[in-house]
Amino acid sequence: MTAQQTGSTPPLRINSSFDSGNIRVEAIDGTTATLSIHKDHESDFFQWFHFRAAAPAGTRLTLRITGLAQSAYPDGWPGYAACVSEDRERWGRAASRYDPGVDGGTLTIDYTLVGDAAWFAYFAPYSQERHHDLVAQAAACEGVSVRQLGESLDGRPIDCLELGSGDKPVWLIARQHPGETMAEWWMEGALDMLTDPTNAHALRAACRFYIVPNMNPDGAFRGHLRTNARGINLNREWHEPQADRAPEVLCVRNRMDQTGVAFAMDVHGDEAIPAVFLAGFEGIPSIKDTQLALFRRYRDTLAIRTPDFQTRLGYPEARPGKANLSMATAQIAERYGAVAMTLEMPFKDNDDLPDTAQGWSPERSMQLARDCLATLAEMVGDI
């Protein structure tokens, strides 16, 4: 969608007609735009935005995104600062403030253009083109193969990169929720480490890795927060995935049935909690003491390895027998006896180590992946 004011100078144009774009222009008055976010197709979820604002260099923009009290996670807006880039390579944060009492909840972004255009997003986008580059570059590395596990509802490939010569099957999956783009930035860091000939020898010798960088390419391209092309939340389909609803989950789980799973990480982002944390599989019916002990050991070792990770904040543990088996982590732990976990990174800053310029960022997501894999290397012999 695009809009241009009339009868005023300088002109301000807002556009989101591109990969992962999402914004609705309600009005433009001078250099102030009033905006809202489209819902995911066939769903009430909305929170992801991504658009371009164009005006002459030096223009001070005021961008008001309204109606956010009804968004998927309204607690995600207080303390949040929008991501912005003028070169689409380095993403910083723009001055932002949230007022729940204005126009149904309004995030106001103030930004002065350096050049003639800037891109704004809920988090640094990870494009379909970059995804294909990631797959191609990894596949060109020695010992890496690409298997297309299936297709999405819109016909996009579900790519799985396989590498390693060991007998421990390790699965890494990301972007079940497509707006959680930090998850694919994490994947880029993981693949960079695993395909570096000077790194990760022990891991590649001990494990066979199965890596799905983007579980939900349709939602990613459509600019969705949480769902696929049919408005389905993939992370509630793992108990009985159906080809007409969630073929993305079905093809991945079918491959897991073939390979088995010893260790699995499902990579996500959390809208409200300003921290990095893990969620486990407490509450699955068949839980084993050794299985749970290995998860806790991994969690505690990661906390020692990197100050970007902490164990104070996170989700409550499920009570015995009350795990939600429709979710990937619980289903994988139950179905395969795996040490499975959900990794959550913030859309906001990491309050333990704040960065006013970038907040949580692609760079920190990629470094966290390296720390996660190094932690796995420390204990892989016991998994």
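Is Cys251 buried or exposed? Keep that in mind as you work through these exercises. The model is predicted: local features need pLDDT of at least 70, side-chain atom pairs count only at pLDDT 80 or more, and totals for chains, interfaces and linings use all residues. Residues are numbered from 1 along each chain as its sequence is written, and side-chain values use heavy atoms, with hydrogens and water left out.

**Exercise 1. Describe the surroundings of Cys251 and look for disulfides.**

Step 1. Begin with the cut-offs: buried means under 20% relative accessible area, exposed over 50%, and partly exposed in between (1.4 Å probe, protein chains only).

Step 2. Cys251 has a relative accessible area of 9%, so Cys251 is buried.

Step 3. A disulfide is a pair of cysteine sulfur atoms within 2.5 Å. The structure holds zero disulfides. For Cys251, the nearest cysteine sulfur belongs to Cys160 and is 9.2 Å away.

**Exercise 2. Work out which side of helix 1 faces inward.**

Step 1. Helices (H or I, at least four residues) and strands (E, at least two) are DSSP runs, numbered from the N terminus.

Step 2. Check the length. The expected span of a helix is 1.5 Å times one less than its number of residues. The twelve residues of helix 1 (residues 128-139) should therefore span 16 Å, and the end C-alpha atoms are indeed 16 Å apart.

Step 3. List the buried residues of helix 1: Gln128, His131, Leu134, Val135 and Ala138. Viewed down the helix axis, they fall within an arc of 115°, so they line one face of helix 1. The arc is that of the directions from the helix axis to the C-beta atoms.

Step 4. Turn to the other side of helix 1, where Glu129 and Gln137 are exposed.

Step 5. Find the cover. The elements over the buried residues of helix 1 include strand 12 (145-151), strand 13 (157-163), helix 2 and helix 4 (217-222). Here, contact means heavy atoms within 4.5 Å.

**Exercise 3. Do the same for helix 5, and see what follows it.**

Step 1. Helix 5 has 13 residues (residues 247-259), so at 1.5 Å a residue it should span 18 Å; its end C-alpha atoms are 18 Å apart, which agrees.

Step 2. The buried residues of helix 5 are Pro247, Glu248, Val249, Cys251, Val252, Arg253, Arg255 and Met256. They pack against strand 12, strand 13, strand 14 (168-174), strand 15 (207-212), helix 4 and helix 7 (328-336).

Step 3. After helix 5 comes Gly260, with a positive phi near 75°. Gly260 is 77 residues from Gly337 in sequence, yet their C-alpha atoms are 9.2 Å apart.

Step 4. Gly337 sits in the loop between helix 7 and strand 18 (339-346) and is partly exposed, at 34% relative accessibility. Leaving out residues up to four places away in sequence, Gly337 touches Lys288, Gln291 and Ile332.

**Exercise 4. Compare two residues that have a positive phi without being glycines.**

Step 1. Arg88 has a phi of about 60° and lies in the loop between strand 7 (83-85) and strand 8 (92-93). Arg88 is exposed, at 52% relative accessibility.

Step 2. Ala200 also has a phi of about 60°. Its loop runs between helix 2 (182-194) and helix 3 (201-206), and Ala200 is buried, at 14%.

**Exercise 5. Explore the largest nonpolar core.**

Step 1. A nonpolar core is a set of buried Ala, Val, Leu, Ile, Met, Phe, Trp, Tyr and Cys residues joined through side-chain atoms within 4.5 Å.

Step 2. The largest has 119 residues, and Ile14, Phe49, Phe120, Trp171, Trp186, Phe209 and Met265 touch the most other members. Helix 2 gives the most to this core, with nine residues.

Step 3. Look around Phe120: its contacts beyond four places in sequence include Phe49, Leu61, Cys83 and Trp91. Cys83 is buried, with a relative accessible area of 3%.

**Exercise 6. Find polar partners for two buried residues.**

Step 1. A polar contact is a pair of N or O atoms within 3.5 Å; within protein, one must be able to donate a hydrogen and the other to accept it, and residues adjacent in sequence count only if both atoms are side-chain atoms.

Step 2. Asp266, in strand 16 (residues 263-270), is buried at 3%. Its side chain makes a polar contact with the side chain of His268 (2.7 Å).

Step 3. Ser365, in helix 8 (residues 362-379), is buried at 0%. A polar atom of the Ser365 side chain lies 2.9 Å from the backbone oxygen of Ser361.
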